Amino acid sequence: MKLAPTAASYLEVAPLTLVLTVFLVIPLAMVVTVSFFEYDMISGVIPVFTLDNYSYLFGSRLTLDLYAGTLKFAAIVWAITLFVGFTVAYFLVFHVRSLIVAIGLFLLCTVPFWTSNIIRMISWVPLLGKYGLFNQALMGAGITAEPVEWLLFSDFAVVVAYVHLFTLFMIVPIFNSMARIDRSLIEAAVDAGAGRWQIMREIVIPLSKTGIALGSIFVITLVMGDFFVVKVMSGGRTASVVSAMFEDIRLLLYPPAAASAVILLIIVVLMVAAILRIVDVRRELAG
Amino acid sequence: MGHQYGRRPWTFYVLAAFFTLFVLFLYGPMLVVYTLSFQGPTGGLVFPLRGMSLHWFAALFGQARTGDVWGSFARSLPLALMVLTVTVIFSVMAGLAFRRRFAGATAIFYMAIASLIIPGLVLSIGIGLMFQFTGVPPRWYSSAFGGHLTWTLPFGLLIMFAVFSRFNRAYEEAARDLGAGSWQTLRHVTLPIVAVGLIAVALFGFTLSYDEFPRSWQTVGPYNTLPLEIWGMTTNITSPALYALGTVTTAVSFAAIAIALTAMAMIQRRRSRRALGAGRG
Amino acid sequence: MSEQISRVGKRGVTRRKVLKGAAATAGVVAGSGAITGFPTIWAQDIKSVTLTHVGMSYSTIIDIAREATKDLGFTVEMAVTDHEGFLNRVATQPDSVDIADFEIWQRKFAVPRGVLQGIDVKRIKQWDKLTPIYTKGEFQGRPISRIGVSPYEVMYLDGKEATTFHDGPTEWASMVPGVFNADTLGIRPDIINRPVETWAELINPEFSGRAAIQDIPAIGIMDAAMALQAGGVVTYADMGNMTRDEIDQTIGALIDLKRKGHWRALWGTFDQSVNLMAAGEVVIQSMWSPAVTAVRSQGVPCYYVPLKEGYRGWANGLSLTRHLEGIKLDAAYEYINWYLSGWMGAFIAKQGYYIGVPETAKPFMTENEWGYWYEGKPATETITNPYGDPMEQAGQVRDGGSFEDRFSKIAVWNTFMDESVYMNRKWNEFKTA
């Protein structure tokens, strides 16, 4: 049975669409609706339309501070994971000769992820704490006399944890993009006398841009949506957009949390759209 | 660079060193976990090491105060496998769909992006409410399953984009010219070429589900998945049994990977042997 | 007892009377030797009932469910969740909860949302023996502090399906007492080499960079308030229900301290608090009692200090959700009666928590344990935790002394304020400062 091409597309995309419609669109519609409701501490949501939740969020200094803080983390983490992810992917694609070894090395990187996040969060304390391994090593080697306090419960610790968790999300798409680069192109360039950095600049990076764009989308989304890492690694001293949302949810304050979620959604979608404007991920598909 | 397998350039050593440092960085906390899991009964979650024993491994398997580790594992594992399977199948299909232009493609694409961005906490409350309204009891295999899919499907879809980008259609056209039907082309030409990408989607599907917390939070119903159970454990007396869990998980993962890689190597060797044989008619 | 059973529920009286005889015999035979009289309802279908007891990890312990299932004949299961997860679940998915085990201040949310049903006090066997902290708001004949949310305040309902509390005893209780305790600050006595006597030490600049406070707004704010009031920084009209101005002052003081680098961390989970203390990252912090014992069982000295301003009390209660009816409701009453009948009390006492009917717990504990945990006497031999691991050596006295000592000094309870939303926001500001 030969289907018309577009009909085939609809059929193929149907399962995904169905799942997302039921489990995303409907709950999201509920969230958006609730964001316009009034509420009372004791009895909960009151189905009366109001713009108060939004006007509070837009007018509050807290919102600005939270977004500034979270965006700052997103930018730093993005830059670091991009650098590390690109380099690791480059190594795996171009310098490892056997595919099986490459996959093996790649899987090696994923093993820590099979241990729960929470357990790994706990283990940062004995690693970076005042009396932890790292400080013991530093003092033992004579580099510092006093334990370094900002290794843990600080912005540094948050960035380290983010990079630790999310670099893999940068590696995977870049790896996939790079692996598609036709080696003969590079050979031709080498034969034509191009230098290493030239090849990097003019062949490898442009042809990996889809991977870079997707990895960036992953990392930025993950950081913007995080509440747990920042809470634990900063020692509860820094809040993020979603952790503040969590504080509302704690007290069952659904309308303001919903409004905050909607605003976050809009802002990050705009960020993603901006990335996609620079790299049109979908254009490369139809070709 | 290139196919001459001669001496490796100096960049290889630099990059290999970088890679090694990266792996050490990834394993840093894990090393702490492994070391501390071998403590004696007075051990805590931080250094200094107190005693050496297998006490905490016994505690883990004994399941007294450590919470229902095995019960929740027995839910997390099948759930992750279900999510893996469904994610791979649906993502591949959707990826194929997006190779053509069709009305509504942008809408569906942004639906997937929104699914990625929406905070899991909020979504899980929404899904929980939805189930409460419809009277269907929330369970790990229904509501949590759906919740996890909203997380893994966007990842799968986007990776498929990376996989199919600049995909050389020439192979598929050649296959069709030789008389292969669409299904045959798919199975024997398209999928093998994107196999590595599929592994990535499968891996993401599994790990993202296995370790998922926010989207499970309000959707599991009365029986916790492993991350929720562990989270519950940390809100009470914790013990190096958690670390023992980490060590056991790593050991099992290494074993699984070793098996998978050996299998892949064997398949590859058999395929190349068959290919050689094919030439001889 | 049989009259009570035959009055409520949908079953006919005759069948009940016939079963009563069988129950009496069965009750002796079934269950562990020490508990007789359970199950008092012996019907075939009760064996197929499964009750889901949902609560937080310090009280919802799987061993309790196992023992209950053994003694009662039907299945009790535990579902553990965190504070926030619990509240959200009981509010949005009440059908998935049967027995709700949560803190008294959380009741101020749950009851008005109509997800619970009142407990008929006549069906609770131990009602008269319940500690008056819950039932009368008194302890040792004197009224107990009402600053914050005290158990008495949220104990009684206007009616079975009421959504408001009644100030004073009625026939319908919103809960039966669960675990409760008196909290204070924990310190490292080996590092702070001098006596600590007041809450104000928490904000003492001597401990700058080595102090921590809990990151649960409803509870952390009380610790902060106690410290600030003791230190003379802020005075409160009603600490349990602060005005906006008082909240501003409190949070302002906290932010000030934060900027001076006073707080090493804010801990959100139990085990973070244990790690902070055991690793030496902090030397003084708000702590929960089992955290102190956990640190001690790692060989690190930790002391739960009785302070002159008093303790911060907290309490849990068990409630029934509204959807329970028929045989499941009967099973639920069976369960909560069992809960108060002793085994559970002894089990949880070894975690350092008290239970609503101490005297039923007494026979299940050794004289040594009872003496140590409840009477503040020195231990005559090693005290073990519920899992058999040694916790305290002989000769040690429980920090703070006896049940009487500690509970007569309750200054405040964990709270839920009218201005909670505002307080929440200000707490977030403290965290972003």
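**View 1. Strand 13 (residues 211-214) of chain C runs parallel to its neighbour, strand 14 of chain C, and the two pair over four bridges.** Welcome to this predicted model. As a guide to matching positions, look for Ile213(C), whose bridge partner in strand 14 of chain C is Leu266(C). Both strands belong to an open sheet of five strands in chain C, ordered 14-13-15-12-16, with mixed pairing. At the edges stand strand 14 and strand 16 (303-304) of chain C, each with a single partner strand, so one side of each is left without a neighbour in the sheet. Helix 7 (residues 217-230) of chain C packs on this sheet, where it touches strand 13 and strand 15 (284-286) of chain C. The direction of helix 7 makes about 135° with that of strand 13 of chain C.

**View 2. Chain C also holds an open sheet of four antiparallel strands, in the order 5-10-8-9.** Strand 5 (119-120) and strand 9 (165-166) of chain C are the edge strands, each pairing on one side only. Follow strand 8 (residues 156-157) of chain C to strand 9 of chain C, and you will find two bridges in the antiparallel sense. Here Leu157(C) stands opposite Phe165(C) of strand 9.

**View 3. Chain C meets chain A through 30 residues of chain C and 28 residues of chain A.** Several elements of chain C each supply at least two residues to its side of this contact: helix 4 (83-92), helix 5 (107-110), strand 14 (263-267), helix 9 (270-278) and helix 16 (420-432). Helix 16 of chain C gives the most, with nine residues. If you sort the residues on the chain C side by class, you get 12 nonpolar, eight polar and 10 charged.

**View 4. Chain A and chain B touch through 89 residues of chain A and 91 residues of chain B.** A good place to start is helix 1 (residues 5-34) of chain A, which provides the largest share of the chain A side, 20 residues. That side of chain A has 62 nonpolar, 20 polar and seven charged residues.

**View 5. Chain B is divided into two parts, domain 1 and domain 2.** Domain 1 of chain B takes in residues 1-67 together with 237-246, while domain 2 of chain B covers 69-223. To picture their spacing, note that the C-alpha centres of domain 1 and domain 2 of chain B lie 30 Å apart.

Definitions and conventions. Residues are numbered from 1 along each chain as its sequence is written. Chains are lettered from A and ligands numbered from 1 in the order in which they are written. This is a predicted model: local features need pLDDT of at least 70, side-chain atom pairs count only at pLDDT 80 or more; totals for chains, interfaces and linings use all residues. Two residues are in contact if their C-beta atoms, placed from the backbone, lie within 7 Å. Ala, Val, Leu, Ile, Met, Phe, Trp, Tyr, Cys and Pro count as nonpolar, Asp, Glu, Lys and Arg as charged, and the others, Gly among them, as polar. Two strands pair if DSSP finds at least two bridges between them. Axes are lines fitted to C-alpha atoms, for helices over the stretch in contact, and angles run from 0 to 180 degrees between N-to-C directions. Domain bounds come from an automatic or database domain assignment.
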